[in-house]
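Please open the model in a viewer and keep the selection panel at hand. The tour below proceeds from one selection to the next.

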Amino acid sequence: MPPIQTDDAVLALISALPQPVLLVGDDGFVTAANPPALDLFGAHIRGANIRAHLRQPDVTAMLGRVLDGAVSGQASFTATGVAREAIWQVTAQRMAAQGVVISLRDVSDIEAASAQRRDFVANVSHELRSPLTVLAGFIETLQGPAGEDPAARAEFLGIMAEQAARMTGLVADLLSLSRVEAVEKIRPRTLVSIDDVLRATLAALRPRSDAAGVALVCDLPPDLPQVPGDHDQLVQVFHNLIENALKYGASGGRVDIGAGVRPVMPGFDGPVLHVTVRDYGEGIDPIFIPRLTERFYRVDKGRARDSGGTGLGLAIVKHILSRHRGRLAIESGGAGRGVCFGVVLPF
């Protein structure tokens, strides 16, 4: 078969497309590639056999069918690079007198979002199943002879109230997370005083700290700069962080809250406000720190559930700080040395 002559208009067309596109002859050899395809495969892709570069079974079989005469085909190709693993959707379309057009579309983010949704639904279902099972069991018990026993009835109703509160907290955090995600791309512009935010948060948590026997020590320098922010969301950030310190660092007997300006911080163009919440409790093994802001992740699942944690608090904090173009930094010297949560906010 004579070599296929690639029309200049076709070359101009594929060169204008943003996704990688290749023209392949019926023999499987690449006759043309646009700039994104050259970036993806390298300049040596011209004149190469496409099946030597897309060697995964599903893609190879699909290309074979189209090169043998099928009109079109589609398959997924996974490329492992230095920075990340990319999933490409490969589409092959026969074009009269030009051989086969192969286009690739990066669907990594779509696949990741789909997997995240599946995991999210599975986690929510799991988190709700346990308290619902407990409630159903105690309701059935109370409908029997135990319903006539005042002591058993009082005990069971107390446990049922705890489980109902756990589900209420989970639903509240899910709604909060949804609201935060809905506005995450919209950066707040109103100037907010962190001094006011922290004092409002501490006033709300003072009864809990007194009940736990934990001292809340707030040491703020005068004239802290205001930051562009959403007052209520920032209160939520520090409420979650200080509440976590009271839950998991209570054994240290003290939680310190401090703030200061840092003229330089890696990853930021200018000065930032750095607020810290430090406890002196059991601490966290540093190997767990990278996963702390994942949804539903708990270092100690049993202890977190016993304390009423939903596993969503730090995920909410991360999304709120993302909206404020800020960052959460977590430091722990290891078990028994407490934890320091640092909130970095540009201004």
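Axes are lines fitted to C-alpha atoms, for helices over the stretch in contact, and angles run from 0 to 180 degrees between N-to-C directions. Helices (H or I, at least four residues) and strands (E, at least two) are DSSP runs, numbered from the N terminus. This is a predicted model, in which local features need pLDDT of at least 70, side-chain atom pairs count only at pLDDT 80 or more, and totals for chains, interfaces and linings use all residues. Residues are numbered from 1 along each chain as its sequence is written, and side-chain values use heavy atoms, without hydrogens and water.

Select helix 4 (residues 108-142) together with helix 5 (residues 150-182): their axes lie 10 Å apart, at an angle of about 160°. Helix 4 is therefore roughly antiparallel to helix 5 (over 145 degrees).

Next, keep helix 5 and add helix 9 (residues 313-323); the two axes come within 9 Å and cross at roughly 15°. These helices are therefore roughly parallel to each other (under 35 degrees). To see the contact (heavy atoms within 4.5 Å), display Asp173, Ser176, Leu177, Val180 and Glu181 of helix 5, which meet Ala315, Ile316, His319 and Ile320 of helix 9.

Now turn to the sheet. Its 5 strands form an open sheet in the order 2-1-5-4-3, with antiparallel pairing (at least two DSSP bridges between two strands). Strand 2 (30-33) and strand 3 (72-80) stand at the edges with a single partner strand each, so one side of each has no neighbour in the sheet.

Finally, select strand 4 (residues 85-95) and strand 5 (residues 99-106), which run antiparallel and are joined by 8 bridges. Gln89 has Arg105 in strand 5 as its bridge partner.

Definitions and conventions:
Angles under 35 degrees count as roughly parallel, over 145 as roughly antiparallel, 65 to 115 as roughly perpendicular and the rest as oblique.
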